[in-house]
Amino acid sequence: MIDDMLDYLRDIRSRPVWQNIPTQIQRYFDSPLPIKGKSLNEVYSEFFDNVLPYPMGNIHPRFWGWALGPGTVTGALADFLGSSMNSNLGGGYHGAVLVEHQVINWIKELMGFQKSASGLLTSGCSAANLIGLIVARNVKTHFDIRKNGLQKISAPLVVYASQEIHSSIKKAVEILGLGSNQLHLIPVNNRFQVDIDILQNRIIKDRKDGYEPFCVVGGAGTINTGSFDDLDALNKVCKKENLWFHIDGAFGVWASLVPSLKKNIFGLDKADSLALDLHKWMYMPYEIGCVLIRNKESHLQTFSMMPDYLSHSKKDGGLIGGNLEWFSDFGFQLSRGFRALKAWMSIKEIGMERYGRLIQQNINQAKYLAALIVDSSNLELMTPVFLNIVCFRYFRLGISPINLDEINKKIVVALQEKGIAVLSWTIIEGKYVMRAANFNYRSKKQDFNLLIKKIVQIGDVIASKFTS
Ligand SMILES: Cc1ncc(COP(=O)(O)O)c(C=O)c1O
């Protein structure tokens, strides 16, 4: 299996980025529940024939959709090692727990958090955002919310974020029982940053209207464009208004590894809680994200729970003793996998300098793609390129805005169906745009050249149907 997978990765360029799943393969997955087992060889060959040829495509050099990472061989091997040990990282005094503590300490150091802060590796940034906002809600409500829930609430609790914030924040607000009406989205300026004056005025107005503001979420690398909110200004608003400051830094935080960008990305360390991903711009295989909480006590008070059968203390010896905190006291999961190992091995193997160079390469490539777009007479760049995300579209004079939207959507789908490249789309200022997000260390210049050539070719064919 390992040999096959290494060959599979080596030959990735020779395959389509994505391909449709034939009906007979879909039907194969209707096969009944196996009552009797069969040999692993047979099962593996079923995987080889029916699953492996139909990947999402994000390991391919021309995959730039959404915000997906390509994974690494080291990460895959580390997952194999970690699953072989099959340690449960809910807690206990064992080696895997030491690994996770070290990884979290490294992330604290990188993000400018004190060692006294707490952290947890999560399934991804959605879970990290949720944990950050749960701690925020519990700290900022003025009664024992763990006992009373929201039943005792006297005024609707409000979270603020920019209109560009990721949907996982809305989901978290809904899960928290606050209702998405209580996520107040603030307009952005022409750099896609939250407008600080509008935010400030909205907080004042909401208080007058009987709401209870408790949290502001800043974006460090927003999903549509990769823009950064003014984190320093947001921190000042939070301090002045006594609000929790959470940052969603899913991928953008890693731009701080690029020496020339570090100076622009200040303010991460001001957050009360910071959510980020390692399966995007740290290239690690799914699933791994992280949440940091500045005040460890608040984090513990939110999640710690010690029924008799889990009781543990530093005084105890054996597996339940030792001086390591239990991760189950810092989140909603009790049983937790050894996802820390892939982070630990990857960070040791690659090192921060090389990570910085890889991230810089992705940014340079995004700028290169933007230059190709600007040079092309039928393409237009729709937003500035802040990091590694390029929003653009095909256009032709004389075609209506609705038809241009349709053409751009059709180009994205055609690129996927032809197996050439995967882009996604989004809406910028009411227009459908193609969006390339480059988290891909396998991409080369030639891949971007091909992308533009094919987009223009496909776009011209589709557009001709709208002009004739
Ligand atoms: C800015 C931002 N925040 C949060 C998330 C959610 O992260 P995950 O998919 O790891 O749950 C994403 C995912 O793309 C994102 O781009």
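A residue is buried if 20 or more other C-beta atoms lie within 10 Å of its own, exposed if 12 or fewer, and partly exposed in between. The model used in these exercises is predicted.

**Exercise 1. Overall build**

Find what share of the residues is buried, and decide how compact the protein is.

*Solution.*
Step 1. Apply the cut-off above. Buried residues make up 45% of the 468 residues in the protein.
Step 2. List the elements. The protein has 15 helices and 11 strands.
Step 3. Compare the radius of gyration with the globule rule. The radius is 24 Å, and the rule gives 23 Å for 468 residues. The two values are close, so the protein is as compact as a globular protein of that length.
Step 4. Add the outline. Along the principal axes, the C-alpha atoms fill a box of roughly 75 × 65 × 45 Å.
Step 5. Look at the contacts with a separation of 6 or more. Residues 24 or more positions apart account for 74% of them.

**Exercise 2. Domains**

Divide the chain into domains, then describe how domain 2 and domain 3 touch.

*Solution.*
Step 1. Set the bounds. Domain 1 covers 2-56, domain 2 covers 87-337 and domain 3 covers 352-467.
Step 2. Take the centres over C-alpha atoms. Those of domain 2 and domain 3 are 32 Å apart.
Step 3. Count the residues in the contact. Domain 2 supplies 18 and domain 3 supplies 15.
Step 4. Sort the domain 2 side. There are 11 nonpolar residues, 6 polar and 1 charged.

**Exercise 3. The largest nonpolar core**

Which residues of the largest nonpolar core touch the most other members?

*Solution.*
Step 1. Recall the general trend. In soluble globular proteins, nonpolar side chains tend to be buried together.
Step 2. Pick out the best-connected members. The core holds 129 residues, and Val159, Cys290 and Ala340 touch the most other members.
Step 3. Find the main contributor. Helix α13 (residues 340-375) gives the most, with 11 residues.
Step 4. Check the domains. At least three core residues come from each of domain 2 and domain 3.
Step 5. Zoom in on Val159, leaving aside neighbours within four places in sequence. Val159 is in contact with Leu133, Val173, Leu178, Gln182, Leu183, Cys215 and Val217.

**Exercise 4. Around the ligand**

Which residues come nearest the ligand, and how does the shell divide by type?

*Solution.*
Step 1. Start with the nearest. Of the 14 residues around the ligand, these are Gly124, Cys125, Ser126, His166 and Ala250.
Step 2. Sort the shell. It has 5 nonpolar, 7 polar and 2 charged residues.

**Exercise 5. Unusual backbone spots**

Where do Trp66, Glu429 and Glu287 lie, and what marks the backbone there?

*Solution.*
Step 1. Take Trp66. It sits in the loop between α3 (40-50) and α4 (73-85). Its phi is positive, about 45 degrees, although Trp66 is not a glycine. Trp66 has 15 C-beta neighbours inside 10 Å, so it counts as partly exposed.
Step 2. Take Glu429, in the loop between β10 (424-428) and β11 (431-437). Glu429 is not a glycine, yet its phi is positive, about 45 degrees. Only the count is needed next: with 7 other C-beta atoms within 10 Å, Glu429 is exposed.
Step 3. Take Glu287, in the loop between β6 (273-277) and β7 (289-293). A cis peptide bond joins Tyr286 and Glu287, with omega about -5 degrees.

**Exercise 6. His94**

Is His94 buried or partly exposed, and which residues does it contact?

*Solution.*
Step 1. Locate His94. It lies in the loop between α4 and α5 (95-111).
Step 2. Count. His94 has 15 other C-beta atoms within 10 Å, so it is partly exposed.
Step 3. Leave aside neighbours within four places in sequence. His94 is in contact with Ser87 and Leu319.
Step 4. Compare sequence with space. His94 and Ile320 are 226 residues apart in sequence, and their C-alpha atoms are 9.3 Å apart.

Technical notes. Residues are numbered from 1 along each chain as its sequence is written. This is a predicted model: local features need pLDDT of at least 70, side-chain atom pairs count only at pLDDT 80 or more; totals for chains, interfaces and linings use all residues. A nonpolar core is a set of buried Ala, Val, Leu, Ile, Met, Phe, Trp, Tyr and Cys residues joined through C-beta atoms within 7 Å. Helices (H or I, at least four residues) and strands (E, at least two) are DSSP runs, numbered from the N terminus. Domain bounds come from an automatic or database domain assignment. Two residues are in contact if their C-beta atoms, placed from the backbone, lie within 7 Å. A residue is near a molecule or strand if its C-beta atom, placed from the backbone, lies within 6 Å of it. Ala, Val, Leu, Ile, Met, Phe, Trp, Tyr, Cys and Pro count as nonpolar, Asp, Glu, Lys and Arg as charged, and the others, Gly among them, as polar. The radius of gyration is taken over C-alpha atoms; the globule rule is 2.2 Å times the number of residues to the power 0.38.
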